[in-house]
Amino acid sequence: MPSQRQITVRRAPKFVPFLVTGGLLGAIAAVIFGSGGDLPDGYTNESAFGYFLVLFVAAGVLVGGIAVLIVDRVSVKRARRATVEEVADEAEDDEDPS
């Protein structure tokens, strides 16, 4: 007799795409903020861009991580219960017992 059991079915988000997207948006923000404006004496455009790149990419990854945790929490709340039952494998049925 096939066995039945209860499972939880939900759509969980993938963490890496959220983190990468946050980092890319942070890099775009660094290009925007680091490319213009007056700089203090002793600083170059490259050093300002590098500073903003590190700062905004880290902030973007953090925001992406918070966003994926929120989406994951919502997916847990929308999870549904289902009953599954084991089905015999066709390869086992086709074998000759002799």
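Okay, let's start in helix α2, residues 45–77: Phe52 and Phe56 sit 4 residues apart there, so about one helical turn separates them. When I say helix, I mean a DSSP run of H or I with at least four residues; a strand is a run of E with at least two, and both are numbered from the N terminus.

Quick housekeeping before I go on. This is a predicted model, so local features need pLDDT of at least 70 and side-chain atom pairs count only at pLDDT 80 or more, while totals for chains, interfaces and linings use all residues. Residues are numbered from 1 along each chain as its sequence is written, and side-chain values use heavy atoms, with hydrogens and water left out.

Back to those two phenylalanines. Rings of Phe, Tyr and Trp (for Trp, its six-membered ring) pair up if their centres lie within 6.5 Å; planes under 30 degrees apart are stacked, over 60 edge-to-face, and the rest tilted. That rule gives us 4 aromatic pairs. Take Phe52 and Phe56: the ring centres are 5.7 Å apart and the planes sit at 15 degrees, so we call this pair stacked. Are they buried or exposed, or something in between? Phe52 comes out partly exposed at 23% relative accessible area, and Phe56 is also partly exposed, at 21%. For those words, buried is under 20% relative accessible area, exposed is over 50%, and partly exposed is in between, using a 1.4 Å probe and protein chains only.

Which residues do the ring pairs link into a cluster? Phe33, Tyr51, Phe52 and Phe56. Tyr51 is in helix α2 as well, and with 53% relative accessibility it counts as exposed. Look across from Tyr51 to Gly34: they are 17 residues apart in sequence, yet C-alpha to C-alpha the distance is 8.2 Å. You can do the same with Ala59, another α2 residue, partly exposed at 36%. Ala59 and Gly22 are 37 residues apart in sequence and 7.9 Å apart in space, C-alpha to C-alpha.

Now zoom out. How many helices and strands does the protein have? We count 3 helices and 2 strands, and from the N terminus the order is β-α-α-β-α. Then there's the overall shape. The C-alpha atoms fill a box of roughly 90 × 35 × 15 Å along the principal axes. The radius of gyration is 26 Å, where a compact globule of 98 residues would be near 13 Å. That radius is taken over C-alpha atoms, and the globule rule is 2.2 Å times the number of residues to the power 0.38. Of the 98 residues, 14% count as buried. The accessible surface is about 8200 Å², and carbon and sulfur atoms own 61% of that. Areas here come from the Shrake-Rupley method with a 1.4 Å probe, and for residues only the protein chains shown count as cover.

For a feel of the length along α2, go to Glu46, which is in that helix and exposed at 61%. Glu46 and Gly65 are 19 residues apart along the chain, and their C-alpha atoms are 28 Å apart.

Contacts next, meaning heavy atoms within 4.5 Å. Among contacts with a separation of 6 or more, 84% are between residues 24 or more positions apart.

On to charges. Side chains of opposite charge can pair when their charged atoms come close. A salt bridge here is a side-chain nitrogen of Lys or Arg within 4 Å of a carboxyl oxygen of Asp or Glu, and by that rule we get 1 salt bridge. Which residue does Arg10 pair with? Asp72, with the closest N and O atoms 2.9 Å apart. This pair links distant parts of the chain, 62 residues apart: Arg10 is in the loop between β1 (4–9) and α1, and Asp72 is in helix α2. Arg10 is partly exposed at 38%, whereas Asp72 is buried at 17%.

Ser75 is in α2 too, and buried, at 9%. Setting aside neighbours within four places in sequence, Ser75 contacts Arg10, Arg11, Ala12 and Pro13.

Last stop, the surface. Phe15, Leu19, Val61 and Leu69 make a nonpolar patch with about 310 Å² of accessible area together. Patches use residues with over 30% relative accessible area and no salt bridge; like charges are joined within 9 Å, nonpolar side chains (Val, Leu, Ile, Met, Phe, Trp, Tyr) within 5 Å. Helices α1 (15–35) and α2 each supply at least two residues of the patch. Phe15, from α1, is partly exposed at 38%.
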